[in-house]
Amino acid sequence: MIGRLNHVAMVVPDLDIAVARYRDMLGATVTEPEDLPEHGVRVVFVRLPNTNVELLYPIGEKSPIAPFLAKNPSGGMH
């Protein structure tokens, strides 16, 4: 059995669409977006009973996740 998982990070191409999907379609609790310029990302946490899903969106072209999103335009687990 898998115990509590801290979080899974997902890079998304559109943060608003991803938030709406988790919140509106799945009924999950979603935090407000927070910019983390030191990491080059905007982050939102989706709170689930056994874990959190961290949605990451790049801030600017120099974001460390921008190359990942360029190679994976639909986003994905990071």
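Author: Quick term before we start: two strands count as paired if DSSP finds at least two bridges between them. Keep in mind, too, that this is a predicted model.

Reader: Okay, so how many residues does the hairpin from β4 to β5 go through?

Author: Start with the pairing: β4 and β5, the latter covering residues 52-58, run antiparallel and are joined by seven bridges. One facing pair puts Phe45 opposite Glu54 in β5. The hairpin joins the two strands, and the number of residues it goes through is four.

Reader: And which residue in the turn between β3 and β4 has a positive phi?

Author: These two strands also pair in the antiparallel sense, over three bridges. Asp35 stands opposite Arg42 in β4. They make a hairpin with four residues between them, and the one in the turn with a positive phi, about 70 degrees, is Gly40.

Reader: What about β2: which residue in β4 is the bridge partner of Thr29?

Author: β2 is short on paper, residues 29-30, and it pairs with β4, residues 41-47, in the antiparallel sense. That pairing runs over two bridges. For Thr29, the partner in β4 is Arg47.

Reader: How far can I trust all this, and which element has the highest mean pLDDT?

Author: Chain-wide, the average pLDDT is 91, and 96% of the residues score at least 70. Among the elements, strand β1 (residues 7-11) has the lowest mean, 91. At the other end, with a mean of 97 over residues 34-36, sits strand β3.

Key
Residues are numbered from 1 along each chain as its sequence is written. This is a predicted model: local features need pLDDT of at least 70, side-chain atom pairs count only at pLDDT 80 or more; totals for chains, interfaces and linings use all residues. Side-chain values use heavy atoms; hydrogens and water are left out. pLDDT is the predictor's confidence in each residue, from 0 to 100.
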